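Subject: Handing over the structure

Hi,

Here is the structure I promised to pass on. Have a look at it first, and then read my notes underneath.

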Amino acid sequence: MSNEKLDILVELRLIAHALIDRQDELDAKMDALTMEVHQLKADVTELKQDVAMLKQDVAELKQDVAMLKQDVAELKEGQDRHERILETLALRALEWNNFRLDFIRKSS
């Protein structure tokens, strides 16, 4: 074999080793990216579960708020009814007091 052929073979061997080293680096980077993607998928799955739980909590809170609104409406209605009764009683008390005062004046 000639020196030229040996030099070419040595150069090709160096290039092949460089390519193999570069491929090993790329494989390592690909493995790292694959692991990161798997971790991201796990994180997304966990986030989806958390969001689902939050949605359920919000739905329950909406039901609780609706029940509280209904309770407040009933309390307000009862308060309005009591205020009307108190007004009626106050008017009757005034009428009774006037009646009593008139009776006392007429009796004297």
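Below is what I found, going from the whole chain down to single residues.

A word on the basics before that. This is a predicted model, where local features need pLDDT of at least 70, side-chain atom pairs count only at pLDDT 80 or more, and totals for chains, interfaces and linings use all residues. Residues are numbered from 1 along each chain as its sequence is written, and side-chain values use heavy atoms, with hydrogens and water left out.

**Overall shape**

The protein chain has 1 helix and 0 strands; both are DSSP runs numbered from the N terminus, with H or I over at least four residues for a helix and E over at least two for a strand. The radius of gyration is 46 Å, well over the 13 Å that the globule rule gives for 108 residues, so the chain is more spread out than a compact globule. (That radius is taken over C-alpha atoms, and the rule is 2.2 Å times the number of residues to the power 0.38.) Along its principal axes, the C-alpha trace spans about 155 × 20 × 10 Å.

How much of the protein chain counts as buried? Just 1% of its 108 residues, where buried means under 20% relative accessible area, exposed means over 50%, and partly exposed is in between (1.4 Å probe, protein chains only). The protein chain exposes about 10500 Å², and carbon and sulfur atoms supply 63% of that. Those areas come from the Shrake-Rupley method with a 1.4 Å probe, and for residues only the protein chains shown count as cover.

Helix α1 covers residues 3-107, and a few C-alpha distances give a feel for the spacing along the chain:

- Leu6 and Thr34 are 28 residues apart along the chain, with 41 Å between their C-alpha atoms.
- Glu83 and Lys55 are also 28 residues apart in sequence, and their C-alpha atoms are 41 Å apart too.
- Ala90 and Ala59 are 31 residues apart in sequence and 46 Å apart in space.
- Asp7 and Gly78 are 71 residues apart in sequence, and 104 Å separates them from C-alpha to C-alpha.

Some of these residues are worth finding on the helix. Asp7 sits in helix α1 and counts as exposed, at 52% relative accessibility. Glu83 is in helix α1 and partly exposed, with a relative accessible area of 39%. Ala90 lies in helix α1 and is partly exposed at 40%.

**Charges and salt bridges**

The protein chain carries 16 positive and 23 negative side chains, and the centres of the two sets lie 15 Å apart. Lys and Arg count as positive, Asp and Glu as negative, and His and the chain ends are not counted. Each charge is placed at NZ of Lys, CZ of Arg, CG of Asp or CD of Glu.

Side chains of opposite charge can pair when their charged atoms come close. The structure holds 3 salt bridges, a salt bridge being a side-chain nitrogen of Lys or Arg within 4 Å of a carboxyl oxygen of Asp or Glu.

- Glu25 and Arg22 meet at 3.2 Å, N to O. Being 3 residues apart in helix α1, they are separated by about one helical turn. Glu25 is partly exposed at 42% relative accessibility, and Arg22 is partly exposed at 43%.
- Glu77 pairs with Arg81, their closest N and O atoms being 3.7 Å apart. These two are 4 residues apart in helix α1, so about one helical turn separates them. Arg81 is partly exposed, at 40% relative accessibility.
- Asp102 and Arg105 meet at 3.2 Å, N to O. They are 3 residues apart in helix α1, again about one helical turn. Asp102 is partly exposed at 36%, whereas Arg105 is exposed at 57%.

**Surface patches**

Patches are made of residues with over 30% relative accessible area and no salt bridge, joining like charges within 9 Å and nonpolar side chains (Val, Leu, Ile, Met, Phe, Trp, Tyr) within 5 Å. Asp21, Asp24, Asp27 and Asp31 gather in a patch of negative charge on the surface.

Which residues form the nonpolar patch on the surface? They are Leu6, Ile8, Leu9, Leu12, Ile15 and Leu19, with about 550 Å² of accessible area together. Of these, Leu12 has its place in helix α1. Leu6 is found in helix α1 as well, and it is partly exposed, with a relative accessible area of 39%.

Cheers
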